[in-house]
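Reader: I am new to this structure and would like a close look at one part of it, the enclosed empty spaces inside the protein. Please take me through them carefully, with the residues that surround them.

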Amino acid sequence: MVGALYLHIPFCARKCAYCDFASWATPAGDALMGAYARALEAQLDEAASLGLLEGCETAYVGGGTPTLLGERDLGLLVEKTVAAALPSELTCEANPDSLSDAVLLAVRAAGATRLSIGVQSLDDGELRELGRLHDAACARERVAAAVATGLDLSVDLMCATPGQTPEGWARTLEAAAALGAGHVSVYPLQIEEGTPLDRRYADDPCAWNDPEVQAQRMTQAQATLEAFGYRRYEVASYARAGKACRHNKAYWTGAPYLGLGTGASSMLDLKGYLRLRAACPQLPTAPAGVRRVRLTVETPRGELAADPRLGSLSFSLEFLTEPQAVAEDLMLGARLVEGLRPELVARARELFGARFDDAIDALLARGLLAEKNGRLAPTDQGWLLGNELYGALWDLAPGEVLTASCQPHARPRHAETGNLGGVGLSKG
């Protein structure tokens, strides 16, 4: 029913200066964290009873900071996820400062197969600017400890940050590659409105973060990581042989996924939505012609912990027709090195006709797409100008995406015309 499962842990020891995710600073040992973890376990049982977890191949426990739950609560949550969904790949996000040896052993024993560690930088000055709690020495030591467990490991890095130089970025990349992780994710810093970083640099042009610098840093990352034996498989992801994150790829290939927890996003086909609606009478009837539904859980963490029933959740929703879903899949598929699936291209040509061929011809002429191994695939230039590439593909979608919101024990609001919001992503 879903190919992937995401569990959101909305707790952090402290919010980072750049973060606008659904997470809140929470004191160590706060009883809410344990109650919330038990609530997610109850939701896993309910989702499994509805058949929503049938066919689940990957799971991802993200945040926030899952490792802040500690070895007992995180271990039990991972164990329940394995039992309910039977994923062959299960990733836990981790921050170095809360990744104790006890947590490492607990998640491995519970059935996790991967860790994704938010290192971000191996330069202490850059880490302070970002508001991270760990220093470079802690990150190195914790990554080494994780590698020693035998878990597959991903390291997250961030570029175009305050104080970062090409030389400092090179040192971080080389040091990270030498730590032995099989996977590295590289993201340019996005300065989100309302964050401490945004306020700090409100009157600064932030030349260190402009698009040209971001492109330079991403190009530098590709050259360095490939020299260390990594291969890019997605615009922001590099892996050694056999170490690509399958959960990450599920998002870019149109696989349905279920998100549980405050702020978590789901993407369901119509059959999956109808199964969820059987337990959630607050969900509106899908409008005629809808083939894909995106949902985000809007219920606050305290309310969710107190009453975890799926029928007690509030949601925001987006309803996509088949042409809109195909355009979205084209946009997402253009993130992958392997390019667009031939069957997706064939369906797009059926739906969009000459408009599709004209759009592809224009992208080929601009060098944003190229034909590789019989597929339409993004070029390096296409990735560097990703907004233009993805925008041109999404623009094939006809009409506006219908949106709605609903609350439990209340009559759902009718779907209304709205714009497509940002697509929901996990560090892989």
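Author: For sorting the residues around a space, Ala, Val, Leu, Ile, Met, Phe, Trp, Tyr, Cys and Pro count as nonpolar, Asp, Glu, Lys and Arg as charged, and the others, Gly among them, as polar. The model is a predicted one, and in it the count comes to two cavities of 30 Å³ or more. The largest cavity has a volume of about 80 Å³, and of the 14 residues that line this cavity, Leu-258, Gly-259, Ser-266, Leu-276 and Phe-315 are the closest to its centre. Two strands, β11 (257–260) and β13 (290–297), each contribute at least two residues to the lining of the largest cavity. Sorted by class, that lining holds 11 nonpolar and three polar residues, and no charged ones.

The second largest cavity encloses about 50 Å³ of space, and its lining is made up of Trp-252, Thr-253, Gly-254, Asp-329, Gly-333, Leu-336, Gly-339, Leu-340, Arg-341 and Leu-344. Here the classes come to four nonpolar, four polar and two charged residues.

Turning from the cavities to a single residue, Val-186 belongs to strand β8 (residues 183–188). Val-186 counts as buried because its relative accessible area is 0%, where buried means under 20%. Leaving out residues up to four places away in sequence, Val-186 touches Leu-157, Cys-159, Trp-169, Met-218, Ala-221, Leu-225, Ala-236 and Tyr-238.

Notes. Residues numbered from 1 in each chain as written. Predicted model: local features only at pLDDT ≥ 70, side-chain atom pairs only at ≥ 80, totals over all residues. Heavy atoms only, no water. 1 Å grid on protein atoms, 1.4 Å probe; cavity = no way out; pocket = protein on both sides within 12 Å on 5 of 7 lines; lining within 4 Å. Points joined across faces, edges and corners; volume = space filled by probe spheres on them. Helix = DSSP H or I, 4+ residues; strand = E, 2+ residues; numbered from the N terminus. Buried < 20%, exposed > 50% of the residue type's maximum accessible area, 1.4 Å probe, protein only. Contact = heavy atoms within 4.5 Å.
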